[in-house]
Each structure stands twice: as structure tokens, then as C-alpha cells.
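Q: Could you walk me through the features of a structure I have not seen before, giving the general idea each time and then the case at hand?

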Amino acid sequence: VQLQASGGGLVQAGDSLRLSCAASGGTFSNYAMGWFRQAPGKERDLVAAITWNGGMAEYADSVKGRFTISRDNAKNTVYLQMNSLKPEDTAVYYCAADLYFSRRATNYDYWGQGTLVTVSS
């Protein structure tokens, strides 16, 4: 499956952004989806993950209550709504897919190219 992330940009602290990740080349509804982020010099960490049918989602503690992951299987797309953005949210955001739900980046087989989110103070 191929993944194409979009929606990043430069925003101010407190603003909102919605990232999208469009999938192609596979049966999207078979896959759990995750959003991860990587800041310069840091590891790629989970932001949020969602099961194949959207029935369950998990979040990093740092984004709980601010970010929401969702998916539209009819549109082969997963979203990350990011509210109340903080400078520490600045990172390249990646979407990922795998047949099995996981919080671990190493468990995901398919990755998008990343989209940069920069939050100024």
C-alpha cells in the first residue's frame, strides 16, 4: 500500500491543523493506521493510532485531549486533527499502515513520505 501525507505547514501556537493521509494500492480497511512524528535529533514516536474500523484509538500522552485521529474507509484516508498546537509539536509527521494495530513504529510495514509541521511561539 502507498501512503501520501499532506496538510502540514507553519502555524502559531494555539492554532489548529488537519493532516490527511491518502492510501492507495491496497484494501485500506484491512489496515490499522498510525501517525508518528520525528523532531530533529529525536526518535520517531507515536502520535496516535487507530484500528481498521475506527473502533479504537490510542494517543501519546503529550497529545491527549488536543489531537484526534479518525479515518474514512470509503475515501481511503486517515486524518489527524491537531488543536491547541504547541511549539513542541514541531516535527515531521508520518502516517503508517500495518495489518496489526500497534503503538510501535517498528511494527508498521508501510510509511508515507512525511509532512512538516512547524509551530511558532
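A: Let us begin with a charge placed over an aromatic ring: here the charged end of Arg44 sits over the ring of Tyr94, 3.6 Å from its centre. Arg44 also lies over the face of Trp111, where the distance to the ring centre is 4.8 Å. Please keep in mind throughout that this is a predicted model.

Q: Which residues form one aromatic cluster with Tyr94 and Trp111?

A: The cluster is made up of Phe36, Tyr94, Tyr108 and Trp111, so both of the rings that Arg44 covers, that of Tyr94 and that of Trp111, belong to this group.

Q: How should I read an aromatic pair, and how many are found in the whole structure?

A: One reads the distance between the ring centres and the angle between the planes, and planes over 60 degrees apart count as edge-to-face. A search of the whole structure finds five such aromatic pairs by distance, one of which is formed by Tyr31 and Tyr110, with 5.9 Å from centre to centre and 90° between the planes, an edge-to-face arrangement. Tyr31 lies in the loop between E3 and E4, while Tyr110 belongs to strand E10 (residues 110-111), so the pair ties together parts that are 79 residues apart in sequence.

Q: Are Tyr31 and Tyr110 buried or exposed?

A: Burial is read from the relative accessible area, and a residue under 20% counts as buried. Tyr31, with 12%, is buried, whereas Tyr110, with 30%, is partly exposed. A further edge-to-face pair consists of Phe36 and Tyr108, whose rings are 5.2 Å apart centre to centre with 70° between the planes. This pair links distant parts of the chain, since Phe36 is in strand E4 and Tyr108 in the loop between E9 and E10, 72 residues apart. Phe36 is buried at 0% relative accessibility, and Tyr108 is buried at 4%.

Q: What does the disulfide join, and what handedness does the link have?

A: A disulfide is recognised from the distance between two cysteine sulfur atoms, which must lie within 2.5 Å. The structure holds one disulfide, and it joins Cys21 to Cys95 with an S to S distance of 2.1 Å. The link of Cys21 and Cys95 is right-handed, with 65° about the S-S bond. Cys21 lies in strand E3 (residues 17-24) and Cys95 in strand E9 (residues 91-98), so the disulfide ties together parts that are 74 residues apart in sequence. Cys21 is buried at 0% relative accessible area, and Cys95 is buried at 0% as well.

Q: Which residues other than glycine have a positive phi, such as one near 55° or near 50°?

A: Here one looks at the sign of the backbone angle and then at where the residue is placed. Asn76 has a phi near 55° and is found in the loop between strand E7 (67-72) and strand E8 (77-82), where it is partly exposed at 27% relative accessibility. Ser84 has a phi near 50° and lies in the loop between E8 and E9, partly exposed at 40%.

Q: How much space lies in the largest pocket, and which residues line it?

A: A pocket is read from its volume and its lining, and the largest pocket holds about 160 Å³ of space. Its lining includes Arg37, Gln38, Lys42, Asp45 and Glu88, and strand E4 (32-38) and strand E5 (45-50) each supply at least two residues of that lining. By class, the lining has four nonpolar, three polar and five charged residues.

Note on methods. Residues are numbered from 1 along each chain as its sequence is written. This is a predicted model: local features need pLDDT of at least 70, side-chain atom pairs count only at pLDDT 80 or more; totals for chains, interfaces and linings use all residues. Side-chain values use heavy atoms; hydrogens and water are left out. Helices (H or I, at least four residues) and strands (E, at least two) are DSSP runs, numbered from the N terminus. Buried means under 20% relative accessible area, exposed over 50%, partly exposed in between (1.4 Å probe, protein chains only). On a 1 Å grid over the protein atoms alone, a cavity is a set of points where a 1.4 Å probe fits but cannot get out, and a pocket is an open set with protein on both sides within 12 Å along at least five of seven lines; lining residues have an atom within 4 Å of a point. Grid points are joined across faces, edges and corners, and a volume is the space filled by probe spheres set on the points. Ala, Val, Leu, Ile, Met, Phe, Trp, Tyr, Cys and Pro count as nonpolar, Asp, Glu, Lys and Arg as charged, and the others, Gly among them, as polar. Rings of Phe, Tyr and Trp (its six-membered ring) pair if their centres lie within 6.5 Å; planes under 30 degrees apart count as stacked, over 60 as edge-to-face and the rest as tilted. A charge sits over a ring if NZ of Lys or CZ of Arg is within 6 Å of the ring centre and within 35 degrees of the ring normal.
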